[in-house]
Amino acid sequence: GNHVWDKKEGLPLLDAHPYLLRPANYPDGNPGRGWCVSETAAGVPVAVINLQGQVFMTPIENPFRTADAVLEAITTEHPGVRLILVDMHAEATSEKQAIGWYLDGRVTAVLGTHTHVPTADERILPGGTALQTDVGMTGPYESIIGMRPAKVLERFLMNTPRPFEPAKRD
């Protein structure tokens, strides 16, 4: 998502590892790629697309139009792909729902990310696409969005910037 650019040391990894994705709707010329096709252990081809939203986020190319272009490329370059997963990394649940409805019947699932807290709105849309506006985060359970609670609380209590530290427990 939007944090892919945070550590310059990681940027070369985007070109070195074909399954490490950054949002597809960043302008051409950026490192890495925004989608890939892989196979399951059973040999079933699966496409994964990463998109970033526009609402309350850094300005970026339109994710809806980018999704259309990527789906056309997948169809052309990998005609056997029937499973397509979309990671919609966005702030607003409305934008994640909108992309789900827009892609309904054309992708297998739209799974929202970014806000770190899973939503209880999972459903199957009329065209058969699964949608959940946020699947939550991985990482330490005893944390505030992955960071040590004491450091986050200091920031809220003091109203001044404080460095966060990744949580390590549980």
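**Cut-offs and contacts**

Student: Why is the pairing of Lys8 with Glu9 called a salt bridge?

Tutor: The closest N and O atoms of Lys8 and Glu9 are 3.9 Å apart. A salt bridge needs a side-chain nitrogen of Lys or Arg within 4 Å of a carboxyl oxygen of Asp or Glu, so this pair qualifies. Side chains of opposite charge can pair when their charged atoms come close. Please keep in mind that this is a predicted model, where local features need pLDDT of at least 70 and side-chain atom pairs count only at pLDDT 80 or more, while totals for chains, interfaces and linings use all residues. Residues are numbered from 1 along each chain as its sequence is written, and side-chain values use heavy atoms, leaving out hydrogens and water.

Student: Are Lys8 and Glu9 buried or exposed?

Tutor: Both Lys8 and Glu9 are exposed. That word stands for over 50% relative accessible area, with buried under 20% and partly exposed in between (1.4 Å probe, protein chains only).

Student: How many salt bridges are there in the whole structure?

Tutor: A search finds six. One of them joins the side chains of Lys151 and Glu165, at 3.8 Å from N to O. Lys151 sits in helix 4 and Glu165 in the segment after helix 4, so this pair links distant parts of the chain, 14 residues apart (helices are DSSP runs of H or I, at least four residues, and strands are E runs of at least two, numbered from the N terminus).

Student: What makes Glu154 and Arg162 a salt bridge, and why are they called partly exposed?

Tutor: Their closest N and O atoms are 3.6 Å apart, which is within the cut-off. Glu154 has a relative accessible area of 32% and Arg162 has 23%, so both fall in the partly exposed range. Elsewhere, Arg148, Lys151 and Glu165 are joined into one network by salt bridges that share partners.

Student: How do you know that Trp5 and Tyr26 form an aromatic pair?

Tutor: The structure holds two aromatic pairs. For Trp5 and Tyr26, the centres are 5.1 Å apart and the planes make 70 degrees. Rings of Phe, Tyr and Trp (its six-membered ring) pair if their centres lie within 6.5 Å; planes under 30 degrees apart are stacked, over 60 edge-to-face and the rest tilted. This pair is therefore edge-to-face.

Student: Why is Tyr26 classed one way and Trp5 another?

Tutor: Tyr26 is at 14% relative accessibility, so it counts as buried, whereas Trp5 is at 24% and counts as partly exposed.

Student: What makes Phe64 and Tyr102 edge-to-face?

Tutor: Their planes are 75 degrees apart, with 5.4 Å centre to centre, so they meet both cut-offs. Phe64 lies in helix 2 and Tyr102 in helix 3, so the pair ties together parts 38 residues apart in sequence.

Student: What makes a nonpolar core, and which residues of the largest one touch the most other members?

Tutor: A nonpolar core is a set of buried Ala, Val, Leu, Ile, Met, Phe, Trp, Tyr and Cys residues joined through side-chain atoms within 4.5 Å. The largest has 22 residues, and Ile49, Leu51, Leu103 and Val110 touch the most other members. Helix 2 (63–77) is among the elements that each supply at least two residues. Helix 2 also gives the largest share, five residues.
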